Structure formats: structure tokens, C-alpha cells
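Got the model open in your viewer? Let's walk through it together, one selection at a time.

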Amino acid sequence: MSLIDELPKIVAEGKKEVERILERLSSPNKLTLQTNELVLPSKDKSGLFRGQVPVFKPTARENLGDPQLELAGIPHHSDQQSFSIDLGSEWVNRLVYGDNLLVMQALLAGDPATGLPSMRGKIDLIYIDPPFDSKADYRTKVTLPGTTIEQKPTVIEQAAYSDTWKDGTVSYLQMMYPRLALMRELLSDKGSIYVHIDWHVGHYVKVMMDEIFGKGNFRDEITWRKLSAAKSQSNFFSNVKDSILFYSKANIVYFKGQYTQSTEDEKNYPYIEENTGRRYGSFDFTQKGQGQEKKFGELVIPPPSGKHWIWGQDKIDEGLARGLIIFTKNGLPRVKRYLDEKKGNYLGDLWSEESIWEYDETSPLSANSSERLSYDTQKPEGLLRRIIDASCPEGNLVADFFSGSGTTGAVAEKLGRRWVMSDIGKPAIMITRKRLIDQNAKPFFYQSIGDYQKEAFTSSRLFRRIGDLAQVVLSLYGAIPFPDEDNPNRNLGHLKGTSTLVMVDSPSKLTGYATLKRAQELREGFLGGWGKVIVLGWNFVFDIAAQIQALNDDKLEVLVIPPDLLDKLKTKAGYEKLLKTGAVRFSSLQYLSIKPPKSRSYSSDIDELTVELDNYVLLSPDALPLDEENKIKLQEIMEKDPLALIEYWSLDPDYDGETFRSKWQDYRENTANDSDRYHVVTETKLMAPKVRGKRKICVKAVDVFGFESVVIQEVG
């Protein structure tokens with residue numbers, strides 16, 4: 001069946017899905033965003049104190065101003081930001097990890113408990129660059145000291161990619177329709193959306209957008225020349241362009257015209273302004289046509305015969321005040337114009353590096369570009385600067401739900417716009433967080449979906465229901481499933497001959513505190529009670545280790561299901577082979593350890609804290625999405641240099657037990673403190689106001705695979 005025949009079905013199914021989503025927004029079980037980290041950018045730098053971190057008052061209002069530093073007599077960087085956040089009332093930018101369909105549901109629903117209003121009709125500009133190459137290799141390369149490791153996507157990423165392309169373009173369009181429809185719900189009445197697409201699916205996406213946004217709201221199709229033509233091509237023309245579909249939500253839309261770079265010759269601007277160094281020229285202040293005399297300060301000057309002054313009296317007064325009117329030796333006024341304010345021609349819809357004005361190049365990023373982040377689909381900042389400047393007023397909100405390397409948010413930050421970004425890829429999130437810290441961004445939330453409650457998990461054709469998959473996992477672990485009448489979710493079993501209960505969590509959820517408490521309840525009450533409970537999980541909340549530590553329950557064990565298990569279960573033969581060989585390894589969680597923190601009095605009201613990493617134990621390589629060759633490489637690093645696996649670590653010196661406020665950060669490739677691109681620093685010193693009693697310090701580390709570990713320790 002052709003795609004033309006399939007499109008009406010795709011649209012009809014998409015509409016039904018959107019209706020169900022919108023109906024659920026008001027239900028008690030609506031999706032929410034879980035805050036993993038409030039990032040207060042302050043990367044580690046060399047100097048008297050590691051990072052020279054500001055002193056923070058442990059209050060609900062985060063004060064980031066320099067005066068506290070000055071009062072404490074602590075050296076600080078001149079570029080330290082000076083502003084504050086009221087977490088209860090002010091917008092805080094957001095970077096969200098997770099499926100964007102769920103992220104948008106959470107934004108539409110809002111969450112008053114965390115200060116997030118419903119974002120319906122609140123976003124002024126959406127730019128997305130969705131994946132459009134079904135043959136893409138989603139492996140990620142991780143460079144470690146002396147070696148490079150390739151990893152496959154995580155379970156959630158694998159499910160997303162396979163869902164997107166399982167039936168080719170049909171699956172892709174089925175993925176896109178409900179997402180585009182939810183984006184329309186999020187757009188403000190004067191909002192715009194730009195969809196970056198290529199020739200494989202662009203024409204089909206345009207037909208869908210005509211349906212969702214209205215054909216009358218199609219504003220333009222921008223052609224972005226991304227490459228120069230190939231020198232030789234055997235049997236077809238070289239593809240050098242992408243398309244960017246530009247739609248508005250309604251007839252009235254915010255738009256600021258853009259201009260090409262001026263080609264004005266410097267000889268017309270021969271003068272250099274002494275106090276600014278700006279180049280300027282002196283131009284005629286008259287036009288043809290009879291006019292009246294005007295006042296130029298104390299002077300009243302008539303125009304030459306047959307001419308009139310180009311400005312009215314009010315503008316003349318303003319021009320004199322701003323120094324934009326100069327006088328010849330004969331006392332005649334001339335207008336002063338600067339070369340750097342000269343605009344070129346009005347920009348059309350064919351964009352190339354020759355058609356820019358005030359922006360960085362919009363051609364592909366070269367290998368030695370200062371912007372380059374080694375992210376395959378990264379777009380140049382100049383491209384996003386043009387779009388944001390054209391379609392979002394300063395101070396308003398920009399969103400990108402396929403954020404990749406984070407260019408949209410990075411540019412929005414520089415242009416004084418607010419932003420929200422999301423991506424389903426952990427590598428993308430990790431790169432973006434480092435990028436924003438590196439550019440000293442305003443504080444932002446790093447969040448994830450609180451609970452992935454998908455109706456079905458379809459990564460394998462063998463499983464219609466999540467319960468079917470849970471039964472397989474139980475069998476592979478060696479547990480005997482309970483009968484369905486006692487086990488309606490089909491996710492419980494027991495180890496033969498023992499009093500051990502086994503619970504399998506859903507692959508479309510993040511295993512966290514609620515799951516662990518449920519496991520404890522089942523251990524105590526299910527079928528008369530059990531001596532021990534084991535939880536098998538796929539994906540975990542960021543602070544799962546700290547939660548397990550807080551429960552302090554030696555009769556509760558948490559194990560990781562191998563992320564590549566679903567790949568091995570694609571066929572019935574694969575499943576039977578695994579059952580026969582038993583070649584499935586369930587591993588314990590990774591954990592970070594630190595040396596006992598030290599605290600010494602720096603002044604009457606300030607303490608100097610010393611925090612040092614001790615060791616990092618990663619879950620077994622068998623539980624990672626790696627082939628055998630890469631597992632061997634990883635095992636060698638784990639044995640020789642385990643802290644080399646730390647990608648990022650951050651500190652909250654006054655952890656309140658609820659929100660992790662990241663007030664100091666270091667990460668690989670941060671060379672502001674040393675020249676080692678492949679190791680973080682392992683020790684830091686920072687200042688904090690004295691507290692009564694013991695201080696609770698929270699350390700969070702993220703490894704090169706995106707796994708997060710948290711350590712909480714008290715210091716007197």
C-alpha cells in the first residue's frame with residue numbers, strides 16, 4: 001500500500017492518540033517532571049580555591065550575587081553572574097531527559113507542587129530537528145585514556161528508535177503526528193514552529209503540518225544550503241540542502257525581518273570614532289522638494305533651495321543628543337551613519353553562508369570550529385540565531401524537543417530568551433549540560449519524566465504486553481512466576497526452595513522510591529510474606545543508590561537487567577537460546593565513594609570544605625550495551641583507572657534532602673583547571689556559610705555511559 005493511502009490512517013490514529021493524551025491531562029495520574037538537579041553553573045577553575053565557588057545561603061531563594069563573596073573576603077571570578085531565583089514564582093530554564101511525547105504531556109499538565117504552570121499556549125517559538133535517516137547508526141563513541149569504546153543506545157533509546165523506523169516512513173510519520181499536534185497546543189497565539197527536515201520525508205511532513213496547523217498558516221519553506229556540491233557524482237545530483245518548514249499557530253504572528261550582510265565599501269565610511277573605534281561616514285541631510293527651516297540646537301538653518309531636511313524636528317533634536325548629526329566647515333548639517341549598522345538586503349528563504357548579517361556562519365561546522373562538540377547532527381549557532389531573532393521576542397520562551405547537542409538553548413541563552421529542551425538520548429543530555437555550564441548559563445533544572453507509564457512496550461514483536469516480557473525476565477533470572485490469579489501484573493515470582501520474592505519493574509518506568517516501597521510491602525504481605533525481595537529494574541532514578549541507602553534494608557536487593565537483553569529477545573529462537581544457555585547476567589547498581597569530607601573554619605561565619613572522590617564501581621560490563629571487544633576494553637579501565645569513567649560530578653554543600661542544588665561542577669574536557677581532557681579533578685575546596693550542628697553534603701557523579709550515582713555524607 002502506498003504512503004498516499006496510509007496518510008489518512010496515520011492522521012486519524014494520530015488524532016485519537018492526541019485526544020486521549022489531552023483527556024488525561026486533568027486526571028490524578030498525569031505525568032510530572034522529576035527534578036534531578038538544579039544546576040547553578042560554576043565550573044571548576046584553577047586558582048586559590050578549586051572553582052572559587054560563591055557562598056550560598058541555604059534558603060529557598062538562591063542568591064547568586066557577588067556581594068556575599070566580597071563580604072566573606074573570598075576571591076572570585078569577575079564573570080560571576082549576579083542575579084537571584086525565586087523558585088516559587090520565576091521561570092527557570094529546563095533541560096529534560098525522556099521521550100518528548102511524555103515531556104510535552106507534563107508541560108501541558110503543569111505541576112503546581114514544583115512551581116511549573118501549565119505551558120499550554122505559553123511557548124513563543126519551537127524549533128525541532130527530528131531524526132530523518134532510518135539507516136543512522138545510533139552508537140555512541142566514548143573516548144577514555146588510551147582507548148575508545150562504542151556503546152549502543154539505552155533500552156528506552158532503543159525502543160524509541162525501533163518504534164520510529166520499524167515500518168519505515170509510515171512509522172516515522174506515526175511518531176511525528178501526535179508530537180506536532182502537542183507542539184501546536186504549547187505554542188502561544190503569536191507563536192511559530194520551524195521543523196528542520198530533509199528530502200526523505202519532508203514532503204510528507206508538510207502535508208501533515210498543513211493538517212495540524214492549517215494550510216493558511218504555512219509561512220515559508222526555508223532552504224538551507226548545508227554543503228557545497230560534490231566534485232563528482234556518478235548517477236544523480238549531489239544533495240546540498242535541507243528544508244526548514246515554517247508555520248505559525250494563527251494569522252497574527254510575531255516576526256522580525258532579517259537582513260543579509262552588508263556589502264557596503266569601507267571607502268564610504270572613512271572616519272573612525274575616537275571613543276568607540278567605530279567606522280562611520282558623513283551623508284547628505286537633504287532630499288529633493290521644498291521644505292522649511294529647522295532648529296539645530298541654537299541655530300535655525302534653512303535647507304538649500306529646492307530641498308528639505310530629511311528628518312522632522314523631534315528626530316533632529318534626538319539626533320543631536322545622540323551625536324548623529326555633524327556639521328561641515330560651512331555649518332551645514334550632515335547625518336552620521338556607522339558601517340556596523342548598515343544592513344544588507346532583506347533576507348529571503350534561501351540561506352547560505354553568503355546571506356548572513358551579524359551572525360556566525362550557517363554552513364556546516366568544520367572540524368576545527370570552536371563550536372564543534374563531536375555530535376553528528378549538531379547545527380551551527382548562526383542558523384539558530386537567525387531563527388530565534390526572527391520569531392521570538394527578547395525575554396520570551398523557546399523550545400526544542402529533539403535538542404541533540406543543545407544548540408537551541410545555548411543560543412537562546414546568549415540572546416536573552418528563556419528556553420526548555422528535551423532529548424531521549426543520554427549522550428545528548430550530557431553534552432548539553434556541559435555546554436551550558438561552560439558558557440556560564442543562568443541556573444537551569446535538569447529533569448526527567450517522573451514515571452514512564454506507557455500503555456504498551458513494543459520494542460520486541462514477541463511481547464504484546466509488559467507482563468509477557470516480565471514473565472520472560474523472571475524465567476531468565478531463574479524465578480518461578482506466580483499464577484495469573486495471584487499475579488495480575490504478571491511481574492512477580494519466587495526462587496524455588498527459598499523464601500525470596502522476585503519483582504520485575506516495567507521497562508517503560510524509572511525504578512525509584514515508590515517501586516522499592518511497593519517491593520517491601522509485597523515482601524511483608526503477599527501470600528503470607530517473604531524473607532527477602534529482589535527488584536529487577538531496567539532504568540533507575542538518578543538517586544537510586546541514596547534511596548537504597550536511606551531505606552537501610554538488608555532484605556531488599558536491587559539488580560540491573562542487562563540493557564541489551566531486548567536485542568537478544570527479538571526472535572523466539574533468541575529467547576530459547578538464552579533459556580538454554582542461561583547467559584544472562586543481572587548486576588548490582590554502580591556506586592560512588594568519597595573520602596570523609598573535611599571542614600575547617602575559614603572565618604567567623606565561613607567554613608572551607610574539602611571533598612575528594614575515592615572510588616567508582618561500575619555495574620558489570622555484561623550489563624552494558626557493549627559488544628565483547630568493548631567489554632574487555634572497559635574491564636581494563638575499571639581495574640586500572642576507575643575514576644576515569646566519571647564524566648561529570650557536582651556538589652551541593654548544604655543538601656536539604658529534596659532538591660539537589662549543583663553549586664560546583666567539573667567534567668571531562670573542562671580545561672579551565674588542568675590540561676587533562678579525559679579526567680575530572682578528584683578533589684575540590686569550596687566555601688559555605690557555617691551551619692549549626694552537622695552539614696549534609698551531597699555529591700553526584702555521572703559516568704561516561706550516563707549512569708548517575710549519589711553520595712550523601714555529614715560533616716561536623
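**First stop: a pair of strands**

Select β17 and strand β18 (residues 333-338): three bridges hold this pair together in the antiparallel sense. Strands here are DSSP runs of E with at least two residues, helices are runs of H or I with at least four, and both are numbered from the N terminus. Two strands count as paired if DSSP finds at least two bridges between them. Now click I326 and look across to β18, where R334 stands opposite. Strands of a sheet pair through backbone hydrogen bonds, either parallel or antiparallel.

Next, add the neighbours. Four strands make an open sheet in the order β11-β12-β18-β17, with antiparallel pairing. At the edges sit β11 (271-272) and β17 (325-327), each pairing on one side only.

**Before we go on**

A quick word on what you're looking at: this is a predicted model, in which local features need pLDDT of at least 70 and side-chain atom pairs count only at pLDDT 80 or more, while totals for chains, interfaces and linings use all residues. Residues are numbered from 1 along each chain as its sequence is written, and side-chain values use heavy atoms, leaving out hydrogens and water.

Zoom out to the whole protein chain, and you'll find 16 helices and 39 strands. Of its 716 residues, 53% count as buried; that means under 20% relative accessible area, with exposed being over 50% and partly exposed in between (1.4 Å probe, protein chains only). Among contacts (heavy atoms within 4.5 Å) between residues at least 6 apart in sequence, 68% join residues at least 24 apart.

**Second stop: helix α1**

Select residues 3-24. This is helix α1, with 22 residues, reaching 31 Å from its first C-alpha to its last, close to the 32 Å expected at 1.5 Å a residue. (The expected span is 1.5 Å times one less than the number of residues.)

Which residues of α1 are buried? Colour L3, E6, L7, I10, V11, G14, V18 and I21 and you have them. They lie on the same side of α1 because they cover an arc of only 140 degrees around the axis, going by the directions from the helix axis to the C-beta atoms. Spin the helix to the face turned away from that buried side, and you meet the exposed residues P8, K16 and E23. To see what the buried residues pack against, show α3 (100-109), α5 (169-186) and α6 (202-213).

**Third stop: a covered strand**

Jump to β5 (residues 123-128), where six of the six residues are buried. Strand β8 (residues 187-197) runs parallel to β5, joined by five bridges. Click I126 in β5 and its bridge partner I193 in β8. β5 also pairs with strand β20 (residues 397-400), again in the parallel sense, over two bridges. There, L125 has V398 of β20 as its bridge partner.

**Fourth stop: helix α9**

Select residues 407-414. Helix α9 is mostly covered, with seven of its eight residues buried: T407, T408, G409, A410, V411, A412 and E413. Among the elements covering those buried residues are β5, β20 and α8 (381-391). Just after α9, stop at G416, which takes a positive phi of about 75 degrees.

**Fifth stop: S243**

Find S243 in strand β10 (residues 241-248). Is S243 buried or exposed? S243 counts as buried because its relative accessible area is 9%. Setting aside residues up to four places away in sequence, S243 touches V195, H196, I197, E221 and I222. Draw a distance to D349 too: the two are 106 residues apart in sequence, and 9.9 Å apart in space, C-alpha to C-alpha.

**Last stop: the cores**

In soluble globular proteins, nonpolar side chains tend to be buried together. A nonpolar core is a set of buried Ala, Val, Leu, Ile, Met, Phe, Trp, Tyr and Cys residues joined through side-chain atoms within 4.5 Å. The largest has 55 residues, and those with the most contacts inside it are L592, L618, L634, L645, W649, V699 and F705. Strand β33 (residues 606-617) supplies the largest share, four residues. Click V699: leaving aside neighbours within four places in sequence, its contacts include L592, I594, V611 and W649. A second, separate core of 54 residues includes V11, L31, F132 and L173.

Before you close the viewer, how many disulfides are there? Taking a disulfide as a pair of cysteine sulfur atoms within 2.5 Å, the count comes to zero.
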